[in-house]
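Please find below my notes on this structure, set out as numbered points. They are best read with the sequence and the 3D view side by side.

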Amino acid sequence: MIFKEDIELDQIREKQQELKRLEMEYARHRVQIAFQRQEQERTIPPPDDLDARVGRKKYENLVVSRGALSNEKREYQRSMLLLVLLVAATGSLVWWGIKLMLAA
């Protein structure tokens with residue numbers, strides 16, 4: 001037969017165990033936080049102009065020299081010339097084929 005006092009005693013023991021577990025966890029976390037704080041204090045912060053340096057480097061990589069730009073323009077013009085020649089040749093072949101079919 002289980003008495004009410006036994007049940008309360010078991011509940012108190014469970015609460016004490018839970019409290020001890022939480023105290024140990026708190027102590028462990030406190031040590032970890034202290035270690036992280038020391039580590040952060042020993043770390044050198046990044047320079048103030050780091051963002052400016054990264055932005056400038058990104059811009060310098062995007063900037064194209066005048067020679068590279070003129071080369072790209074020349075390649076574009078060559079491609080357009082070849083496209084016009086291809087369309088003209090195709091048109092003349094179609095015209096010649098139609099003329100042959102009508103003559104026959």
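1. In which helix is the place of E5? Before answering, I should say that this is a predicted model, and what follows should be read with that in mind. E5 sits in helix α1, which covers residues 4–42, and with a relative accessible area of 56% this glutamate counts as exposed, because the cut-off for that class is over 50%. The C-alpha atom of E5 is separated by 33 Å from that of A27, a residue 22 positions away along the chain.

2. On the overall fold, the protein chain holds three helices and zero strands, and read from the N terminus its elements follow the order α-α-α. The radius of gyration is 41 Å, whereas the globule rule gives 13 Å for 104 residues, so the protein chain is more spread out than a compact globule. The spans of the C-alpha trace along its principal axes, about 120 × 50 × 10 Å, describe the extent of the chain in each direction.

3. On burial, the share of the 104 residues in the protein chain that count as buried is 0%. The chain exposes about 10,700 Å², and 62% of that area is supplied by carbon and sulfur atoms.

4. Helix α2, residues 50–62, can be checked for its length. At 1.5 Å a residue its 13 residues should span 18 Å, and the C-alpha atoms at its ends are 19 Å apart, which agrees. The number of buried residues among the 13 of α2 is zero, so this helix lies largely in the open.

5. The salt bridges deserve a careful look, and their count comes to six. One of them joins the side chains of R21 and E18, with N and O 2.5 Å apart; because these two residues are three apart in helix α1, about one helical turn separates them. R21 also forms a salt bridge with E25, where the closest N and O atoms are 3.1 Å apart, and here the two residues are four apart in helix α1, again about one helical turn.

6. As for the accessibility of these three side chains, R21 is partly exposed at a relative accessible area of 42%, E18 is partly exposed at 36%, and E25 counts as partly exposed at 27%.

7. Another salt bridge in helix α1 is formed by the side chains of R42 and E39, at 2.9 Å from N to O. R42 counts as exposed, at 56% relative accessibility, whereas E39 is partly exposed, with a relative accessible area of 38%. R42 and E39 lie three residues apart in helix α1, about one turn of the helix. Turning back to the earlier set, E18, R21 and E25 are joined into one network by salt bridges that share partners.

8. Finally, which residues make the nonpolar surface patch of about 520 Å²? The patch is made by Y76, M80, L83, L86 and V87. L83, one of these residues, is found in helix α3, which covers residues 66–103. With a relative accessible area of 44%, L83 is partly exposed, and it therefore passes the cut-off of over 30% that residues of a patch must meet.

Terms used: Residues numbered from 1 in each chain as written. Predicted model: local features only at pLDDT ≥ 70, side-chain atom pairs only at ≥ 80, totals over all residues. Heavy atoms only, no water. Patch = residues over 30% accessible without salt bridge, like charges linked within 9 Å, V, L, I, M, F, W, Y side chains within 5 Å. Areas by Shrake-Rupley, 256 points an atom, 1.4 Å probe, with all protein chains shown as cover. Salt bridge = Lys/Arg side-chain N within 4 Å of Asp/Glu carboxyl O. Buried < 20%, exposed > 50% of the residue type's maximum accessible area, 1.4 Å probe, protein only. Expected span 1.5 Å × (residues − 1). Rg over C-alpha atoms; globule rule 2.2 N^0.38 Å.
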